[in-house]
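Please open the model in a viewer and keep the sequence panel visible beside it. This tour proceeds by selections, and each stop states what to select and what is found there.

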Amino acid sequence: MESKNFLKHFMIIGSGTLISMLLSLIATPIITRVVDPLEYGQLSIFTMYADIAVMVLCLGLDQAMVRDFYKHDNDEYRQTLLWKCVLLPVVLTVVIGIVVVATSALGLIHFEFNTLIMGLLCLYVLLMLIQRFSVLLVRLRYQSKLFSIISITQKAAYLVCALVLVFLIKDHYLVLLVISLVIAISSALVLGICAQKKIWRLDRRDAYDNEVSFGNLFTYGWPFIISLGITQLFNAADKIALDHFTDYHEVGVYASALNMVAIFGIVQSTFNNLWAPMAVEHYENDPEDRSFYKTGNAYITIVMFAMGICLILGKDIFALLLGSKYREAAYILPFLIFHPIMYTISETTVSGIVFMKKSKMQVVIGAISCAVNMTGNAILVPMIGGKGAAISTG
């Protein structure tokens, strides 16, 4: 893809991501003023369980789909690839969901939530899993406008449903918010599948069945289950250390500093959504061309470090916006921005592992990073608090 087209897609997806973030910023303070903190906390746990379940139940086949998507440029091949990647995760999710709901209803296992919430959790996980592949298909086909529309639709649907249900019923807020999540993801899922109906159709032909091997897909994909699990631990290590070695004040200041670098999230997620499919497609078309990846690495390095410098220079402005109680967040900021900068740049340097299908190396990389992070937190957080957590994570 030419740099001009890349910039075009980047701006479209970035705009969608920004609008989605703004919708979240609008919804959160309104809902938290009505919903009890206890139930809002339960919703956070609910979504955490759902995220972990989807991460595991995908079996890494979403990553395998990215790797093999550009081997043939026709709908028939991609239809076969999609169904081979999505079928087992869906069947597995349905079977586990039935078992979970049945054991909860019969009282054989006492879960954290009641049977109704557990049933909604299983449904939400199933919808999230299918949606993961639906959005992935949109990304891989560079349908940037559709990607942004789906993202905005999901956020807007949640905002409208949550506000209407919360203000009309005024009770059982956890159930209402969970139902809003289910409706929101359903609307996004229907939109994505309808727009990609040629690929999602059930009457597929089997011309590529022999070429698309489920065994090869699974062999490539399963290490991502472990590496993503390690990534979850990596991302939680700083908060765990702060909670253990310091007090809630330090945790609050650190959390406020994290919010100050949220602007990196727009660039990071937008770049990652574009780079992975683009790099794989370029490799399939021209395996010997290395200049493409060097150029991508140079561009994103300049952009991320320029943003970092601007954020550091304007840190006092952010501190004023947060209030005097959070003034310390400005001093954590220079250490905190290193993580999103290096994470985004690493998306370009890790491409070779994807091309060579050495997915097990992802586990090694994640394990080493996580071990260094946890060790650094254990040493630095007791000494310098939030700064130590930021340095270790970076």
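The stops below begin with the whole chain and then turn to single helices, residues and pairs.

**The whole chain**

Begin with everything displayed as a cartoon, and bear in mind that this is a predicted model. The chain has 19 helices and zero strands. It comprises 394 residues, of which 45% count as buried. How much of the contact in the chain comes from residues 24 or more positions apart? Among contacts with a separation of 6 or more, such residues account for 80%.

**Helix α3 and the loop before it**

Select residues 61–68, which form helix α3. This helix is mostly covered, since seven of its eight residues are buried. Colour the buried ones: Leu61, Asp62, Ala64, Met65, Val66, Arg67 and Asp68. The list includes Asp62, Arg67 and Asp68, and residues of their kinds, Asp and Arg, are classed as charged.

Next, select Leu59, in the loop between α2 and α3. Its phi angle is near 60 degrees, a positive value in a residue other than glycine. Is Leu59 buried or exposed? Its relative accessibility is 11%, so Leu59 counts as buried, the cut-off being under 20%.

**The cavity**

Keep α3 on display and add residues 214–221, which form helix α9. A search of the whole structure finds one cavity of 30 Å³ or more, and the largest cavity holds about 30 Å³ of space. Which residues line the largest cavity? To see them, select Ala64, Arg67, Asp68, Asn216, Leu217, Tyr220 and Lys357. Helices α3 and α9 each supply at least two residues of this lining. Sorted by class, the lining has three nonpolar, one polar and three charged residues. Two residues already coloured at the previous stop, Arg67 and Asp68, belong to the buried part of α3 and also to this lining.

**The two cysteines**

Select Cys58 and Cys85, and show their side chains. The structure holds zero disulfides. Why do Cys58 and its closest cysteine form no bond? The sulfur of Cys58 is 9.8 Å from that of Cys85, its closest cysteine sulfur, and this is too far for a bond. A disulfide would require the two sulfur atoms to lie within 2.5 Å. Seen from the other side, the closest cysteine sulfur to Cys85 is that of Cys58. Cys58 is buried at 1% relative accessibility, and Cys85 is buried at 0%.

**The aromatic pairs**

Now display the aromatic side chains. The structure holds six aromatic pairs. A pair of aromatic rings is described by the distance of the centres and the angle of the planes.

Select Tyr49 and Phe113, one of these pairs. Their rings are edge-to-face, 6.4 Å centre to centre, with 70 degrees between the planes. Tyr49 lies in helix α2 (residues 37–57) and Phe113 in the loop between α4 (75–105) and α5 (115–140), so the pair links parts of the chain that are 64 residues apart. Tyr49 counts as partly exposed at 33% relative accessibility, whereas Phe113 counts as buried at 7%.

Then select Trp83 and Trp200. The centres of their rings are 6.1 Å apart and the planes stand at 80 degrees, so this pair is edge-to-face. Trp83 belongs to helix α4 and Trp200 to helix α8 (residues 197–200), and the pair therefore ties together parts 117 residues apart in sequence. Both Trp83 and Trp200 are buried.

Return to Tyr49 and Phe113 and add Phe46 and Tyr124: these four residues form one aromatic cluster.

**Ser227 in helix α10**

Select Ser227, which is found in helix α10 (residues 223–245). At 7% relative accessibility, Ser227 counts as buried. Which residues does Ser227 contact, leaving aside its neighbours within four places in sequence? They are Gln362 and Val363.

**Helix α19**

For the final stop, select residues 386–393, which make up helix α19. Six of its eight residues are buried, and the helix is mostly covered. The buried residues to colour are Gly386, Gly388, Ala389, Ala390, Ser392 and Thr393.

Key:
Residues numbered from 1 in each chain as written. Heavy atoms only, no water. Buried < 20%, exposed > 50% of the residue type's maximum accessible area, 1.4 Å probe, protein only. Phe/Tyr/Trp six-rings, centres within 6.5 Å; stacked < 30°, edge-to-face > 60°. Helix = DSSP H or I, 4+ residues; strand = E, 2+ residues; numbered from the N terminus. 1 Å grid on protein atoms, 1.4 Å probe; cavity = no way out; pocket = protein on both sides within 12 Å on 5 of 7 lines; lining within 4 Å. Points joined across faces, edges and corners; volume = space filled by probe spheres on them. Contact = heavy atoms within 4.5 Å.
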